[in-house]
Amino acid sequence: MKKIVEKILQYVQKPARYAGGELNSVVKDPESVDIRYAFCFPDLYEIGMSHLGMKILYSLVNEREDSWCERVFAPDTDMEEQMRKYNVPLFALESGDYIKDFDMIGFSLMYELCYTNMLNMLDLAQLPLKSADRADLTPIICCGGPCTCNPEPITDFVDIVFLGDGEESTPAVIELLKECKKNGASKREFLLKAKDITGVYVPSLYKDSYNEDGTLKSLEPLGGAPKSVKKSVVADMNKCFYPKEFVVPFISIVHDRAVAEIFRGCIRGCRFCQAGFTYRPIREKSVETINEQSKALIKSTGYDELSLCSLSTSDHSQVNEMLSSLIDWTAKDKINLSLPSLRVDNFSDELVDKLNKVRRSGLTFAPEAGTQRLRDVINKNVTEEEVIRTCTKAFDNGWTSVKLYFMMGLPTETMEDIEGIADLGMQVVHAFYKNPNRQKGTGVQVSISCASFIPKPFTPFQWEPEDSMESLKQKQEHLLESIPSKKIKVSYHETPTSLIEGVFARGDRRLNNVLLDAWKLGCKFDSWGDKFNFEAWQKAFEMNGIDPYFYTRRRRPFDELLPWDHIDFGVSRSFLERENIKAHNNETTPHCRIKCAGCGANKLNGGHCDARN
């Protein structure tokens with residue numbers, strides 16, 4: 001660590017965020033590697049250190065003898081103040097070296113409201129923000145993560161975009177950059193070759209044009225770039241790289257535990273869920289692989305908690321065998337086993353029996369909508385009877401708290417659907433007190449959490465209008481008025497942040513300048529309520545003559561060219577259109593293991609999909 005950094009750490013809260021040196025962090029001789037990669041997470045250390053994708057790619061790159069990956073997080077405002085005061089560029093934790101001198105700088109974009117933090121980190125690194133202003137081959141600025149489903153609003157700032165599973169495309173990009181450095185190639189020559197790597201999108205090789213009504217007219221490929229860019233896919237999760245160790249932080253982080261990924265993808269097809277479609281096809285790890293990787297992580301980190309990671313844990317085809325084998329050794333070694341993402345409709349007696357053997361915590365389920373009609377619209381395929389039966393089963397086995405997740409602002413939603421949220425919460429309360437097996441003298445706590453629905457790319461609702469801020473506020477107030485008991489607690493999202501998220505989720509390249517101006521006006525840490533500046537965002541839109549509601553309030557016709565139509569995440573447009581029509585007819589689609597719906601995602605994996613076992 002440089003002495004100037006040591007000096008300023010005494011003036012900030014939580015200096016451990018910036019000190020490095022944690023257990024299992026990787027330190028190499030910079031003279032012995034060809035590629036130095038700064039992996040940036042555009043949020044605080046505590047958030048980024050909980051991110052599984054960063055853990056995987058950090059270890060993947062550091063397994064290579066020719067490369068060194070180091071971590072970089074967004075400095076909090078107190079640290080940024082000191083860095084700017086003393087002219088300290090943004091640095092990596094492992095070496096303390098300034099990332100402007102690295103070969104690659106990658107950003108993991110989990111959420112649209114972190115875009116301004118990406119710009120702020122590039123500025124702190126003392127690098128030009130726009131790709132066109134960075135003439136040298138290195139550093140190459142790249143990004144990946146869920147937001148790259150539609151990277152168009154940030155294309156001015158990045159050189160390449162990783163689509164899909166980074167374990168496949170990252171090594172190929174490193175090899176290419178290493179070759180280009182050796183041969184003295186230009187940045188342009190690197191980008192022209194990078195475009196041919198599966199899962200790599202080069203934004204500068206595409207030119208946008210617009211119709212008179214403001215809709216996208218075309219996005220033409222240049223320089224031999226492909227018309228459609230396919231995401232990269234890990235074919236076999238049992239053979240895919242997974243870390244044997246995680247960096248163990250000195251301070252508490254959001255998810256401070258070992259994490260075992262058990263499968264990718266989802267069989268369900270909930271029409272609002274972007275991850276459920278973009279992570280297809282479904283690919284499972286075997287019980288043996290899960291156990292082997294879990295044991296290695298517990299041994300190398302010393303954690304006493306293991307969390308299973310997937311979009312729907314209980315949908316693993318061998319969930320009971322998996323839990324039995326995990327419980328055998330975690331119980332003996334006093335390791336707490338955490339099972340998030342459980343489904344109401346497969347909360348079996350056998351699963352309850354397994355859960356009774358691990359340390360008890362609150363249960364979380366996601367009915368998503370308050371009435372059966374609306375649950376059919378979103379293809380949740382869960383009934384009120386299943387919710388009550390599942391909660392009763394939990395109460396039978398000693399649970400006294402349940403958290404229910406809902407969405408607000410869903411397509412076709414009415415105030416009756418909002419009242420249904422309160423009614424369902426009350427039904428759960430009644431189920432507790434009607435239960436003859438409950439402990440005498442105990443009470444129940446039902447927590448209802450309502451997220452504002454935002455239509456996202458690559459979902460059947462990608463054409464739908466987003467509910468207005470005014471409508472969402474009315475619905476939030478109506479929900480609070482409809483709650484009949486103090487046994488039920490309600491929380492919900494603020495609506496202005498939902499507007500900005502919605503604009504950038506489905507926006508086009510004209511938003512690049514809005515983003516830049518918003519950052520210049522002081523916007524950063526937009527996902528943090530105490531730092532979000534809606535007035536500055538409104539001014540940024542006005543400065544660029546952009547109406548944000550153009551992107552959120554109108555329904556888009558099926559024949560409109562969407563900003564992400566040149567990107568192929570596997571799920572076909574025709575499938576999404578069919579699902580949208582079925583939603584408006586209140587029709588459901590069975591999940592993948594009941595009947596294949598022909599989404600098309602298996603084509604990216606040689607026709608293979610684990611949902612078809």
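**Aromatic pairs, charges over rings and the surroundings of Glu46**

Tyr115 has a relative accessibility of 2% and therefore counts as buried, the limit for this class being under 20%. The structure is a predicted model, and the values reported here were computed from it. A pair of aromatic rings is described by the distance of the centres and the angle of the planes. A search of the whole structure returned 14 aromatic pairs. One of them joins Tyr115 to Phe504 in an edge-to-face arrangement, with 6.0 Å from centre to centre and 80° between the planes. An angle over 60 degrees is what places a pair in the edge-to-face class. The two residues belong to distant parts of the chain, 389 residues apart: Tyr115 is in helix α6 (residues 115-124), and Phe504 is in helix α17 (residues 495-505). Phe504, like its partner, is buried, because its relative accessibility is 1%.

A further pair is formed by Trp463 and Phe558. The centres of these rings are 4.8 Å apart and the planes stand at 75°, so this pair is also edge-to-face. Both residues are located in loops: Trp463 lies between β17 (445-452) and α16 (469-482), while Phe558 lies between α20 (549-552) and β19 (567-568). The pair therefore ties together parts of the chain that are 95 residues apart in sequence. The accessibility of the two partners is not alike. Trp463 counts as buried, at 0% relative accessibility, whereas Phe558, at 25%, counts as partly exposed.

Ring pairs also extend beyond the contact of Tyr115 with Phe504. Together with Trp537 and Phe541, these two residues are linked by ring pairs into a cluster.

Charged groups were found over aromatic rings as well. The charged end of Arg36 is placed over the ring of Phe102, at 4.4 Å from the ring centre. In the case of Lys531, the charged end sits over the ring of Phe525, and the distance to the ring centre is 5.6 Å.

Glu46, a residue of helix α3 (residues 45-48), was examined for its surroundings. Its relative accessible area is 9%, so Glu46 is classed as buried. The side chain of Glu46 makes a polar contact of 3.0 Å with the side chain of Arg17. When neighbours within four places in sequence are left aside, Glu46 is in contact with Lys14 and Arg17, and also with Ile251, Ser252, Ile253 and Val254. Arg17 thus appears both as a polar partner of Glu46 and among its contacts.

Conventions. Residues are numbered from 1 along each chain as its sequence is written. This is a predicted model: local features need pLDDT of at least 70, side-chain atom pairs count only at pLDDT 80 or more; totals for chains, interfaces and linings use all residues. Side-chain values use heavy atoms; hydrogens and water are left out. Rings of Phe, Tyr and Trp (its six-membered ring) pair if their centres lie within 6.5 Å; planes under 30 degrees apart count as stacked, over 60 as edge-to-face and the rest as tilted. Helices (H or I, at least four residues) and strands (E, at least two) are DSSP runs, numbered from the N terminus. Buried means under 20% relative accessible area, exposed over 50%, partly exposed in between (1.4 Å probe, protein chains only). A charge sits over a ring if NZ of Lys or CZ of Arg is within 6 Å of the ring centre and within 35 degrees of the ring normal. A polar contact is a pair of N or O atoms within 3.5 Å; within protein, one must be able to donate a hydrogen and the other to accept it, and residues adjacent in sequence count only if both atoms are side-chain atoms. Contact means heavy atoms within 4.5 Å.
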